[in-house]
Number of protein chains: 2
Amino acid sequence: MKSTKEKIINILIDNKDKYISGESISEKLEVSRASVWKHIKNLEKEGYQIESKTSQGYKLIGRTDTANPSYEISHRLKTSFMGQRVDYFKTIDSTNIQANKIASQSPEGTVVLADEQTKGKGRIGRTWVSEQNKGLYFSTILKPDIALMQAPFITQLVAASLTKTFLDLGIEISIKWPNDLIYKGKKVAGILTEMSAEIDHISYIIVGIGINLYKKDFEDEIKDKATSFANEGIEIDRIEFLRKFFPNFEDLYEKFKAGDKRECLDILRSRSAVLGREVYKIKEGERVKVFARDIDDMGNLIVEHESGQVETVFTGEISIRGLDSYI
Amino acid sequence: MKSTKEKIINILIDNKDKYISGESISEKLEVSRASVWKHIKNLEKEGYQIESKTSQGYKLIGRTDTANPSYEISHRLKTSFMGQRVDYFKTIDSTNIQANKIASQSPEGTVVLADEQTKGKGRIGRTWVSEQNKGLYFSTILKPDIALMQAPFITQLVAASLTKTFLDLGIEISIKWPNDLIYKGKKVAGILTEMSAEIDHISYIIVGIGINLYKKDFEDEIKDKATSFANEGIEIDRIEFLRKFFPNFEDLYEKFKAGDKRECLDILRSRSAVLGREVYKIKEGERVKVFARDIDDMGNLIVEHESGQVETVFTGEISIRGLDSYI
């Protein structure tokens, strides 16, 4: 159930750039005009810029960065569950930690979004730096009724969905198997998938996504490896991005659950930054040079050793051989 | 670090049935005699029966059911981690829920033990009835560095370790694949394994075990299917059982991590209540009659359909065809 405040901002969004009277809002929502006025004042405090004229009513003219973006993300979103509920935080320890806390009680597709993470998580206990207003940090709760051995594909599914969304925006992105997105040879986004399961039954999966959207100074040791879209001269509005991403993600996710991975695998293979290249397979610190040959139907990487021996890489990391760049 | 109270009860257990002076305890532990006396009084309140004689000191003569059993379980336990820490609760929602809460901060092998569970969990969201003093309810935290696809074997490993322990006690137990123990055709114990993982990396596994040890009235609808050891005339002391179980479990677990599953598979195959029988394979409510042929090296059940087709059963349930009994 949406709150009255959320219903009011939705009406204002629907009527953007024209006035709508307090009376018509009050009639539509069956609340008092005083209540409408109170909510409008609260929305203004949150950062929505609303003009009010005595005889004409209210008009939404803009928003500041502090405004809660969740109303605009989920309003008239073209999905049946993905992103239909967005829990927004200005700052939080980690969107994955928060999503874990609420997962059992939340519907599939619930999203936790934050402006800043104080304990952003990377893979295998690493940190993912998530300063305020430098990126888009969010986690999605999934509850697929699939076998445990299908679960690792979820990371690939999210990589494909993100890539499709960037391509829709005309941005040439590629995928560094298994969980990084690459723009112009540098990392711009990462995916961290966590799972809670009985040994043969998935309870829920949390997909955490971090995208470097805004201007950002990278430390010396990673500035050759990482970038942000703003640093590359690309402006992306996070609300518009999410409203395009959720339908793409839901579509590929539904197909995956129905057993159809074709579109997903097409994207993974055609947009791979790894395939057809010599890469280092790094496991427990040991580097072995291999040739990345294919991605199989389970999303595993097929590599060929110098001896000609072919190996399926399920886990661990792949690092790409390159003299001047991250890949 | 053990508490002074725990060190004192350990000294009393080491010197069971003889007196030990307050002075020698105080010297050994480098605490005041007043402190020794205070802890002895607390142990008495908890249910330990301690005799004190003016010139001779203290003697442990027994314990009531209310005494905290964790001191006796872990004291001089012949393992390097399994059961070395036991968190004991008279009553708790579920030992698995509690173990989940403490898992990240707790060493491998930590055990949560309770006299009673108010929300005992069975598989796939079912309830496991866990009344006070009717059974042994505990959960163990594991942190194996194994691939995700190896994880389902953990349930089999626990089933084998429990079975070995019962056999050591001369009790003829068998295993209803994948997670129930059977005595005289009825269920006496169940295993619920849960996991928290990144998509390619296990964070921790919680193994919950419930054993019907004590006298218990089963409801009409399950009394042909379930029993307790006491109902069958077998007395088992839960402390002694756990002190035998943990070394067996640690031994098989260490071998499993080193890639040696032979002993485990021997037990699973030789003590199976399923192999060599016609059983119903039940999945999503659909029953198919199959012949249970083998357990493979991953712990999966190999069944043969009436058509002769052979299938590997990874998940779901197996129910055993039987006219008069649970198996």
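What covers the buried residues of H1(B)? In this predicted model, the cover includes helix H2 (22-29), helix H3 (33-46), strand S1 (48-53), strand S2 (57-63) and helix H4 (70-74) of chain B. Helix H1 of chain B takes in residues 4-14, and its buried residues are B:Lys5, B:Glu6, B:Ile8, B:Ile9, B:Asn10, B:Ile11 and B:Leu12.

**Helix H7 of chain B**

Helix H7 of chain B has 20 residues (residues 238-257). At 1.5 Å a residue it should span 28 Å, and its end C-alpha atoms lie 27 Å apart, which agrees. At the start of H7(B), the backbone nitrogen of B:Ile239 has a side-chain oxygen of B:Asp237 within 2.9 Å. Just after H7(B) comes B:Gly259, with a positive phi of about 90°. The buried residues of H7(B) include the aromatic positions B:Phe241, B:Phe245, B:Phe246, B:Phe249, B:Tyr253 and B:Phe256. B:Arg238, B:Asn248 and B:Glu250 are also among the buried residues, as are B:Ile239, B:Leu242 and B:Leu252.

**Helices H6 and H8 of chain B**

Helix H6 (residues 153-168) and helix H8 (residues 262-270) of chain B have axes that come within 9 Å and cross at roughly 75°. H6(B) is therefore roughly perpendicular to H8(B), since angles of 65 to 115 degrees count as such. On the H6(B) side, the contact involves B:Phe153, B:Gln156, B:Leu157, B:Ala159, B:Ala160, B:Thr163 and B:Lys164. These meet B:Glu263, B:Cys264, B:Leu265, B:Ile267 and B:Leu268 in H8(B).

**Accessibility of selected residues**

B:Cys264, one of the H8(B) residues that meet H6(B), is listed here with three residues of chain A.

| Residue | Relative accessibility | Class |
|---|---|---|
| A:Cys264 | 3% | buried |
| B:Cys264 | 2% | buried |
| A:Ser26 | 11% | buried |
| A:Val310 | 39% | partly exposed |

A:Ser26 is buried because its relative accessible area of 11% is under 20%. A:Val310, at 39%, falls between the 20% and 50% limits and so counts as partly exposed. Over all chains, the structure holds zero disulfides.

**Two positions in chain A**

A:Ser26 sits in helix H2 (residues 22-29) of chain A. Not counting residues up to four places away in sequence, A:Ser26 touches A:Val31, A:Ser32, A:Arg33 and A:Val36.

A:Val310 belongs to strand S13 (residues 310-313) of chain A. With residues up to four places away in sequence left out, A:Val310 touches A:Arg293, A:Ile302, A:Val303 and A:Glu304. The C-alpha atoms of A:Val310 and A:Gly62 are separated by 57 Å, and the two residues are 248 residues apart along the chain.

Technical notes: Residues are numbered from 1 along each chain as its sequence is written. Chains are lettered from A and ligands numbered from 1 in the order in which they are written. This is a predicted model: local features need pLDDT of at least 70, side-chain atom pairs count only at pLDDT 80 or more; totals for chains, interfaces and linings use all residues. Side-chain values use heavy atoms; hydrogens and water are left out. A disulfide is a pair of cysteine sulfur atoms within 2.5 Å. Buried means under 20% relative accessible area, exposed over 50%, partly exposed in between (1.4 Å probe, protein chains only). Helices (H or I, at least four residues) and strands (E, at least two) are DSSP runs, numbered from the N terminus. The expected span of a helix is 1.5 Å times one less than its number of residues. A polar contact is a pair of N or O atoms within 3.5 Å; within protein, one must be able to donate a hydrogen and the other to accept it, and residues adjacent in sequence count only if both atoms are side-chain atoms. Axes are lines fitted to C-alpha atoms, for helices over the stretch in contact, and angles run from 0 to 180 degrees between N-to-C directions. Angles under 35 degrees count as roughly parallel, over 145 as roughly antiparallel, 65 to 115 as roughly perpendicular and the rest as oblique. Contact means heavy atoms within 4.5 Å.
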